[in-house]
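Let's take a walk through this model, one region after another. Keep the viewer open as you read.

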Amino acid sequence: MAVAARGGRGSFGGGGLRNIVSYRIFASALFTILFIATISVLLNTNPAPPSHDSVIPSSGNAYMQRTFLALKSDPLRTRLDLIHKQANDHITLVNAYAAYARKLKLDISRQLRMFDDLARNFSDLAARPGRRTAPEDEVEGTGDEDLVRQLEKEVKDRVKIARLMIAESKESYDNQIKIQKLKDTIFSVNELLVKAKKNGQVASLIAAKSIPKSLHCLAMRLVEERIAHPDKYTEEEDSAEFEDPSLYHYAIFSNNVIAVSVVVNSAVKNAQEPWKHVFHVVSDRMNVAAMKVWFKMRPVGGGARVEVKAVEDYAFLNSSYVPVLRQMESANYGDNAKLRNPKYSLLNHLRFYLPEMYPKLHRILFLDDDVVVQKDLSALWRIDLDGKVNGAVETCFGSFHRYAHYLNFSNSVIREKFNPKACAWAYGMNIFDLDAWRREKCTDQYHYWQNLNEDGTLWKSGMLPPGLITFYSTTKSLDKSWHVLGLGYNPSISMDEINHAAVIHFNGNMKPWLDIAINQFKNLWTKYVDNDMEFVQVCNFGL
């Protein structure tokens with residue numbers, strides 16, 4: 001029992017001590033909480049009076065302060081705050097559009113000025129006296145209702161203007177609208193580009209086909225010379241050399257005096273045996289006199305001979321024999337654009353009558369009037385053509401310059417006779433075997449196809465398509481160095497290729513005697529112009 005009693009007393013003493021400690025801790029915590037609560041209440045119920053420079057506190061009790069101010073303010077003050085907030089919002093919006101407008105180009109500079117002016121107007125309204133939030137003790141003094149109404153009206157007017165401006169300018173910032181406008185602009189510009197290209201082609205064609213003033217002047221001066229001195233320019237009998245098949249004969253069909261003189265001069269100057277070269281020049285009735293006077297006044301050197309004739313000197317070239325003349329004289333001539341093309345003249349079609357025009361010759365070299373000869377060409381008369389009629393340089397590469405490009409293969413007549421992938425060749429420098437021509441009856445073939453194409457549906461206009469048909473399977477391909485083309489339209493031809501060429505061809509609209517000639521190639525032609533000829537100087541060719 002004693003033991004039990006001692007244990008019980010000891011237990012009671014320890015438990016009492018622990019209870020006293022716990023009570024003290026509890027009391028201290030309670031006192032601390034009460035003290036903090038008291039301080040918080042004092043802070044909440046006794047705020048410091050606001051200074052004139054502070055509007056709303058930024059501490060954690062901001063919400064209670066705003067509520068306190070709202071309870072003490074009048075309705076006019078609330079309207080003033082809302083108006084001021086609306087004005088500030090639109091200032092931000094207008095400034096945002098103005099900042100973006102500054103990035104745009106000059107076509108929207110008007111919008112930029114309008115947005116800037118509007119932003120300044122809003123800023124001026126906000127900066128006027130009475131707009132700022134007044135101190136708490138002066139709120140009652142800002143209740144001038146007329147002033148607030150005037151302010152509200154001005155702000156609403158500015159807001160209305162701002163919204164209208166933004167609505168009008170929105171399409172400038174809408175991506176979908178801008179994309180659609182860009183598509184429309186691209187389409188419109190593309191149409192203008194196509195139109196400009198067509199106009200450029202027409203203008204270039206007019207420039208190429210029109211007679212330059214200087215060339216017209218030269219022809220007139222030469223005719224005037226013939227009229228003034230008829231005794232000096234009497235007709236001479238044909239020389240035997242003109243029909244000598246052992247010589248090197250050229251055929252040049254043109255009404256351009258200066259161009260023909262360059263072809264002849266360049267061929268003679270580069271010939272190893274110029275006395276063996278004979279040039280047959282054929283012109284139209286209007287220019288044949290000028291052509292004769294030129295070669296009379298400026299005879300070709302080296303012993304070379306030049307024969308000048310008019311188309312009318314060949315009696316067999318009449319409408320009963322020549323389909324082109326018959327078609328030109330028909331009633332449909334005025335309605336057929338193909339027949340009105342300058343290339344569709346008899347002078348251009350003379351190339352299909354070489355055997356009849358020169359019956360005693362075996363070979364003849366056909367040259368266009370826009371070529372320049374740079375090397376001796378006598379080797380062409382010794383080339384083995386393998387029984388073919390025409391020796392020419394082929395122009396095809398890949399799928400370009402094939403027969404399909406020149407002939408209408410949708411027509412069954414063309415489709416049955418020709419291969420659309422056959423390689424085309426070039427006119428401008430062609431060596432013709434006249435004996436093989438007569439044997440193959442190529443002129444008859446030409447007549448047959450020309451009659452079929454009276455309506456112009458078998459091939460495009462020009463001289464090459466009927467030539468491709470007439471000499472189909474009878475053309476011998478020559479080495480490309482004999483004939484380099486493109487100097488009248490392609491400025492990217494390499495000078496190395498040009499320097500190695502026997503004949504260079506200014507095919508295209510940029511002829512070397514025109515102002516639109518390609519500058520880097522023009523001197524290749526002008527160096528063979530007879531600048532010492534007095535009429536060339538008088539007519540101011542500007543070479």
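What follows goes from a helix to a small sheet, then to the nonpolar cores and a loop residue.

A word on the ground rules: this is a predicted model, so local features need pLDDT of at least 70 and side-chain atom pairs count only at pLDDT 80 or more, while totals for chains, interfaces and linings use all residues. Residues are numbered from 1 along each chain as its sequence is written, and side-chain values use heavy atoms, with hydrogens and water left out.

Start with helix α7, residues 213-228. Helices here are DSSP runs of H or I with at least four residues, strands are E runs of at least two, and both are numbered from the N terminus. The 16 residues of α7 should span 22 Å at 1.5 Å a residue (the expected span is 1.5 Å times one less than the number of residues), and its end C-alpha atoms are indeed 22 Å apart. Its buried residues are S214, L215, L218, A219, L222 and E225; buried means under 20% relative accessible area, exposed over 50%, and partly exposed in between, with a 1.4 Å probe and protein chains only. They cover an arc of only 140 degrees around the axis, so they sit on the same side of α7; the arc is taken from the directions from the helix axis to the C-beta atoms. K213, I227 and A228 are exposed on the other side. The buried residues pack against α8 (257-269), α9 (288-297) and α21 (534-538), where contact means heavy atoms within 4.5 Å.

Now for the sheet. Three strands form an open sheet in the order β5-β10-β9, with mixed pairing; two strands pair if DSSP finds at least two bridges between them. β5 (371-373) and β9 (483-484) are at the edges with a single partner strand each, so one side of each has no neighbour in the sheet. β9 and β10 (residues 503-505) pair in the parallel sense over two bridges, and V484 stands opposite I504 in β10. Helix α20 (residues 519-526) has F521, K522, L524, W525 and T526 buried, and its buried residues pack against β5 and β10, as well as α8 and α19 (495-499).

The largest nonpolar core has 68 residues, and L377 and L380 have the most contacts inside it. Such a core is a set of buried Ala, Val, Leu, Ile, Met, Phe, Trp, Tyr and Cys residues joined through side-chain atoms within 4.5 Å. α8 gives the most to this core, with nine residues.

Finally, K441 lies in the loop between α16 (434-440) and α17 (442-452), and is exposed at 52% relative accessible area.
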